[in-house]
Amino acid sequence: MSAAPGTRPHVVIVGGGFGGLWAGRTLAGEDVDVTLLDRRNYHTFFPLLYQVAAAELAPADIAYPIRSIFRRAPNVSVQLAEVVGVDLERRVVRTASEEIPYDALVLAPGSESNFFGVEGADRYAFPLRWMDDAIPLCHHVLRRFEAAEGATGDLRRRLLTFVVVGGGPTGVEYAGALSELVHGPLLRDFRGISPEEVDVVLVEAGPTVLAGMAEELARYAIDRLERRGVEVRVDTTVEAVTPTEVRLRNGSAIETETVVWSAGVRGDPRVKEWGLPTGRGGRVPVTPELHLAGRPEVFVVGDLAWLEEEGQPLPQVAQVAIQQGKHAAANILREIRGQRPTPFRYRDLGMLAVIGRNAAVAEIGRSAFTGFVAWVIWLTIHITWLVGFRNRALVLVNWAWNYFLPRRAVRLILPTSDDAVRALAPPGRARVRPPEDGGS
Ligand SMILES: Cc1cc2nc3c(=O)[nH]c(=O)nc-3n(C[C@H](O)[C@H](O)[C@H](O)COP(=O)(O)OP(=O)(O)OC[C@H]3O[C@@H](n4cnc5c(N)ncnc54)[C@H](O)[C@@H]3O)c2cc1C
C-alpha cells in the first residue's frame, strides 16, 4: 500500500455502521489519515430498532452522532455524504460533490431490505431496516388506533390487524413488542377498543421461527408469542401486498393496512454500478483477508461482504461486521508496516432474541437459555454494546420504567398528518394508504 511521498496513507471508510465504526476505531490514533463517510450523521444500534418502532424507545436513545464518537481522534475526519460511486482504477470514491482519493478503502454500507420480488411489498409494506423506517412505522401503528376508534365493520378490523412478515429474530422481536404495546398501554388508553378486536399475526414461510437456532428455542418463542396474543403462522408464504391486504400463496388473504417486512436483507444493488462484483444475496465476495480479489487495497466488511467459513456464508449480524471492521483495519496497518495481511476468523458469540418482558432465547456455544435468564443475558449484552454512556443510561431507565410501569412514553404522532408522512417517504414507497381509500 503506497501513499504519495511526504503524506500519510489515506484510508476512506464508507459507512459508520457496525463495520465502518469499528474499522475507524481501530485506525484512530494510528499513523494514517482516515475519512469516514456516511449518508447519516449518526450510528444506529440496529438490534434495538424494533423498540423504536414499538414506541418503547426514542430514536435518540439508540443513535449516536458519528462525529462525537471520533471527537478525540484527530486523524479521523467524519463527513456527512452519500457515496454514489467508486473508481477502482483511479482509486477515488465519488460523492455528489467531490472525488475523494484513497490509498486503502473499507466499504461497509450495510444491506437493504429484501422483498424477494413479492408484488407490492416494496411499495406497501413497512421495512424495518433503518431509523427512517422505524419512526414512520411507529406513528402509523398509533394512527391506526386513532382511526379505529371511530371506525366500524371491515375497516375497523383492517385497521386493528397488524401483520409481521418474517420469523427471524427481528420479526419475532417486533411481533412480541407490538403485542405488548397493544395489549398494555394502547388498550388501556383506547377504552372503546377491546382486546379481541386486535390481531397481531406473524407470518413465516419456513416450518418454524428463528431458523438456525435450536428447535426447543423456536418452540419456546412460538409458545411465548402466542401467550402474548400473537398468532404465529408458519409454512405460510406471502404472495402480494396491497394497501388493504396481504395475499397468501394458499389462496387466503389477511385484511390489514399494516404489513411489517422483516423477511431478510440483501446487499445494496447500487454497489454493482460501482463496478463491484456481486454474488448471492447481492453480497460482494471477498478473500479470507477481507479484500476484493486482485485489489488488496479495497476491503469489504459487514452485511455487504460474502465470506464462507466451513462451507457456510457468515451471517449478516453485528458481531460479524464489528469483527470484520476491526480485522480489515488491522490488515491495512499490517500492509503499511510491510507485513502480510492475515485471514479473518469469525468468533461466534452466540444468538439471542427477545420475545418480551422476562422472555427471551439465547444460544451461546452449546448452551441454550430461555425465559428470565436469557432475558437478563439479552439486556446485559445490548446495554454493553450500545454506543454512548447517555444512551445506555436512558435505555436502562426506559426499560425499568416500561418494566415496572408499562405505559410507554414515546407515543407522539409526528408529523401531524399522513400527507406529511407520505412526503417524507422515499420515492416509490406509499406506505400510508391514501385517505380516500378509507384510512385515517
Ligand atoms: C432491525 C434490525 C435488527 C437487527 N438486530 C440484530 C441483533 O439483534 N443482533 C445482531 O447481531 N445483528 C442484528 N442486526 C444486523 C446488524 O445490525 C447488521 O448485521 C449490521 O448492522 C451490519 O453492519 P454493517 O457495518 O455492514 O452495516 P450497517 O450497520 O447497516 O451500517 C451501514 C452504514 O452505511 C451507511 N451507508 C449506506 N450506504 C451508504 C452510502 N452510499 N454512502 C454513505 N453511507 C452509506 C448507512 O447510513 C449506515 O450508517 C439487525 C439488523 C436490523 C436491520
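This note comments on the ligand site of a predicted model and on one arginine beside the ligand.

1. Basis. The model is predicted: local features need pLDDT of at least 70, side-chain atom pairs count only at pLDDT 80 or more, and totals for chains, interfaces and linings use all residues. Residues are numbered from 1 along each chain as its sequence is written, and side-chain values use heavy atoms, with hydrogens and water left out.

2. Ligand shell. The ligand is surrounded by 28 residues (a heavy atom within 4 Å of the ligand), with Gly19, Asp38, Arg40, Arg129 and Asp303 the closest. By class, 14 are nonpolar, eight polar and six charged (Ala, Val, Leu, Ile, Met, Phe, Trp, Tyr, Cys and Pro count as nonpolar, Asp, Glu, Lys and Arg as charged, the others, Gly among them, as polar).

3. Backbone contacts. Polar backbone atoms of valine 83 and alanine 318 lie 2.8 Å from a ligand nitrogen and 2.9 Å from a ligand oxygen, respectively. For glutamine 316, a backbone N or O atom is 3.2 Å from an oxygen atom of the ligand. Of the 1,000 Å² of accessible area that the ligand has on its own, the protein covers 92% (Shrake-Rupley method, 1.4 Å probe). Helix 1 (18–27) and helix 10 (318–336) are the elements giving two or more residues to the shell.

4. Arginine 129. This residue sits in the loop between strand 11 (126–127) and helix 5 (131–149). Arginine 129 counts as buried because its relative accessibility is 9% (buried means under 20%, with a 1.4 Å probe and protein chains only). Its side chain reaches the backbone oxygen of serine 111 at 3.1 Å. Among the residues that arginine 129 touches, beyond four places away in sequence, are Phe46, Glu112 and Asp303 (heavy atoms within 4.5 Å).

Technical notes
Polar contact = N/O pair within 3.5 Å; in protein donor to acceptor, adjacent residues only side chain to side chain. Helix = DSSP H or I, 4+ residues; strand = E, 2+ residues; numbered from the N terminus. Buried < 20%, exposed > 50% of the residue type's maximum accessible area, 1.4 Å probe, protein only.
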